[in-house]
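Walk me through this structure. Begin with a pair of strands, then follow the path to the interior.

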Amino acid sequence: MTKCCLLIASVMVLLASAGGVSALAQNCELIKKAEFVVRPLGNIPIVRVRINGGAAEFLFDTGAERSIITAAAAARLGADVHYEYTRQMRSLGTAVSGGDAWLRNFDPGGIALSNFRILVGPVSLPSVEGKPIDGLLGADFLSDYEVDLDLAHRRIILYSPSHCAIAAPAWSGGYATIEANRSLHDRLFFLVRLDGHALAALIDTGAQLTTLDAESAAAVGVTAAALTRDPMTILRGAAAEAVRSWAHRFAELQIDGELLRDRTIMVTRLGLQDADLVLGADFLRWQRVWLSYATHRIFLERHS
């Protein structure tokens with residue numbers, strides 16, 4: 001090949017490389033897909049979605065395996081319900097059973113989805129202004145996005161996942177990076193230490209309070225006798241089951257090197273397969289969190 005042809009070929013390679021870099025940079029950009037205005041119910045986030053043109057109130061629930069709609073809401077909003085196969089969702093050691101529904105038009109926060117599959121079940125959900133909540137958004141939907149939980153400012157933003165590894169959240173200021181794993185139920189779990197003991201934890205916006213599994217509490221050293229001296233209350237799961245829970249005070253919870261001292265954590269039977277501890281909405285109320293399902297990372301905002 002002549003020197004002239006070599007020069008032209010080199011220029012073409014450089015142009016192709018530049019085009020590839022440009023395309024890669026574009027693919028690495030985070031694209032906002034949806035934004036929710038949060039209506040807090042206690043600590044938990046309630047968001048508005050649209051189903052077949054009608055409005056519905058959903059719990060934004062990072063701890064739920066499946067998105068779910070109540071039977072009453074499914075009937076009101078014209079969902080196409082099928083019960084050929086029984087589906088299940090875990091709830092405080094038990095399971096909610098139901099059938100599938102197909103939502104012809106589903107718009108969560110500005111995302112237009114067609115024929116979205118959702119679980120229909122006899123769930124027990126709280127009410128907002130006297131009206132029952134219609135359902136919840138779970139990990140089967142959320143895991144397709146990058147999730148920015150900004151509950152202090154009453155908003156949640158979903159981004160499309162980047163083709164590049166997410167190295168930082170889309171906010172200014174300090175943050176900590178937690179390397180997580182993604183369970184078979186599409187939940188992100190990570191290591192924490194409670195009173196010196198290593199535990200698996202997950203972030204659960206559907207839980208009002210941070211809660212520890214009773215068997216894990218025993219492994220940490222909390223005896224049954226110690227629990228009898230703690231305040232007892234009744235928690236109710238999505239299946240309306242009543243579960244006794246004790247408010248136990250722990251000396252130290254360590255999350256990515258940050259020490260949270262003198263913490264009161266509920267102890268009850270969780271029966272989760274992927275976590276010992278759920279960090280509830282009480283933890284998230286003033287803590288901005290980014291969940292990167294694609295890259296198995298969690299970013300926690302740091303104020304110092």
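Leu191 of strand β16 stands opposite Ala200 in β17. This is a predicted model, in which local features need pLDDT of at least 70, side-chain atom pairs count only at pLDDT 80 or more, and totals for chains, interfaces and linings use all residues. Residues are numbered from 1 along each chain as its sequence is written, and side-chain values use heavy atoms, with hydrogens and water left out.

β16 covers residues 188-194, and β17 covers residues 197-203. Strands here are DSSP E runs of at least two residues, helices are H or I runs of at least four, and both are numbered from the N terminus. The two strands pair in the antiparallel sense over six bridges; pairing requires at least two DSSP bridges. They form a hairpin with two residues between them. Asp195, in that turn, has a positive phi of about 50°.

β16 has a second partner. Strand β15 (residues 181-182) pairs with β16 in the antiparallel sense over two bridges. Arg182 stands opposite Leu188. This hairpin has five residues between the strands, and Asp186 takes a positive phi near 65°.

Now turn to the faces of β16. In a regular strand the side chains alternate between the two faces of the sheet. The covered face of β16 holds Leu188, Phe190, Val192 and Leu194. Phe189, Leu191 and Arg193 make up the uncovered one.

Phe190 leads into the interior. It is among the residues with the most contacts inside the largest nonpolar core, alongside Phe60, Leu158, Ile255 and Ile298. That core has 61 residues. A nonpolar core is a set of buried Ala, Val, Leu, Ile, Met, Phe, Trp, Tyr and Cys residues joined through side-chain atoms within 4.5 Å; buried means under 20% relative accessible area, with a 1.4 Å probe and protein chains only. Apart from this core lies another, of eleven residues, including Ala64, Ile68, Leu119 and Ile133.

Ile298 also lines the largest cavity, as do Asp186 and Leu188. Thr62, Arg187, Leu202, Ile203, Leu291 and Tyr293 complete the lining. The volume of this cavity is about 60 Å³. A cavity is a set of points on a 1 Å grid over the protein atoms alone where a 1.4 Å probe fits but cannot get out, and lining residues have an atom within 4 Å of a point. Volume is the space filled by probe spheres set on the points, which are joined across faces, edges and corners.

Finally, the whole chain. Its secondary structure comes to six helices and 24 strands. Of its 304 residues, 47% count as buried.

Note on methods: On a 1 Å grid over the protein atoms alone, a cavity is a set of points where a 1.4 Å probe fits but cannot get out, and a pocket is an open set with protein on both sides within 12 Å along at least five of seven lines; lining residues have an atom within 4 Å of a point. Buried means under 20% relative accessible area, exposed over 50%, partly exposed in between (1.4 Å probe, protein chains only).
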